[in-house]
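User: I'd like a close look at one small part of this model, plus enough of the surroundings to place it. Keep it casual, but give me the cut-offs.

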Amino acid sequence: MQIDAVDQQIIASLVADARSSYSEIGARVSLSAPAVKRRVDRLRAAGVIKGFTTVVDPAAVGWHTEAFVELFCTGRTTPAQITVAARRHPEVLAAYTVSGQADALVHLRAADMAHLEQALERLRAEPFVTSTRSMIVLSRLVSSI
């Protein structure tokens, strides 16, 4: 699928505020609301836009502690197994396969250190996890959310 400059502007508008109306976006890109809707529908059908989401400030809901955890797994662990396991834990924001010594990197949020410790213990209890190495986030310097 070819994405032109107008599609890129529409995508940027939705990334900035997914609740923008088609009329508001149309005013920014010089199209009518129906034309913007058609383009958004086409971008969704092509899989360029995967969905819309709500971004919650974790601190506002009491989740102040953040960590990145390297997972070291048994030899035949697949990315699919790691994905299924990561989705079982509500504290997991994201999980990635990575190069280097670790098999995966997991991004966690928790209310406090005790909650983080519980989440880590549950992650370590996954049958394929042999060990972990954790890094606590002290402060966010740059964030897209």
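Where is the place of S30?

Analyst: S30 is in the loop between α2 (22-29) and α3 (33-45). Before going further: this is a predicted model, where local features need pLDDT of at least 70 and side-chain atom pairs count only at pLDDT 80 or more, while totals for chains, interfaces and linings use all residues. Numbering starts from 1 along each chain as its sequence is written, and side-chain values use heavy atoms, with hydrogens and water left out.

Back to S30, whose phi is near 65°, a positive value in a residue other than glycine. As background, most residues other than glycine have a negative phi. S30 counts as exposed because its relative accessible area is 67% (over 50% is exposed, under 20% buried, partly exposed in between, with a 1.4 Å probe and protein chains only).

Now for the setting. The protein carries five helices and four strands (DSSP runs numbered from the N terminus: H or I of at least four residues for helices, E of at least two for strands). Their order along the sequence is α-α-α-β-α-β-β-α-β. With a radius of gyration of 20 Å, well over the 15 Å that the globule rule gives for 145 residues, the protein is more spread out than a compact globule (C-alpha atoms; the rule is 2.2 Å times the number of residues to the power 0.38). The C-alpha trace spans about 55 × 35 × 25 Å along its principal axes, and 32% of the 145 residues are buried.

For contrast with S30, try E91, which is found in the loop between α4 (79-87) and β2 (92-97). Why call E91 buried? Because its relative accessibility is 4%. The E91 side chain makes a polar contact with the H115 side chain at 2.8 Å (N or O atoms within 3.5 Å; within protein, one able to donate a hydrogen and the other to accept it, and sequence-adjacent residues counting only if both atoms are side-chain atoms). Setting aside neighbours within four places in sequence, E91 is in contact with W63, H107, L108, R109, H115, A119 and R122 (contact means heavy atoms within 4.5 Å).

T77 is another loop residue, this time between β1 (65-73) and α4. With a relative accessible area of 17%, T77 is buried. The side chains of T77 and T74 make a polar contact at 3.0 Å. Again leaving out neighbours within four places in sequence, T77 is in contact with I82 and F128.

Over by the N terminus, I3 lies in the segment before α1 (5-16). I3 is partly exposed, with a relative accessible area of 37%. Beyond its neighbours within four places in sequence, I3 is in contact with Q8, I11, L43 and V48. I3 and S143 are 140 residues apart along the chain, and their C-alpha atoms are separated by 26 Å.

Zooming out on the contacts: of those in the protein with a separation of 6 or more, 65% join residues 24 or more positions apart. So, to put the three loop residues side by side: S30 is exposed at 67%, T77 is buried at 17%, and E91 is buried at 4%.
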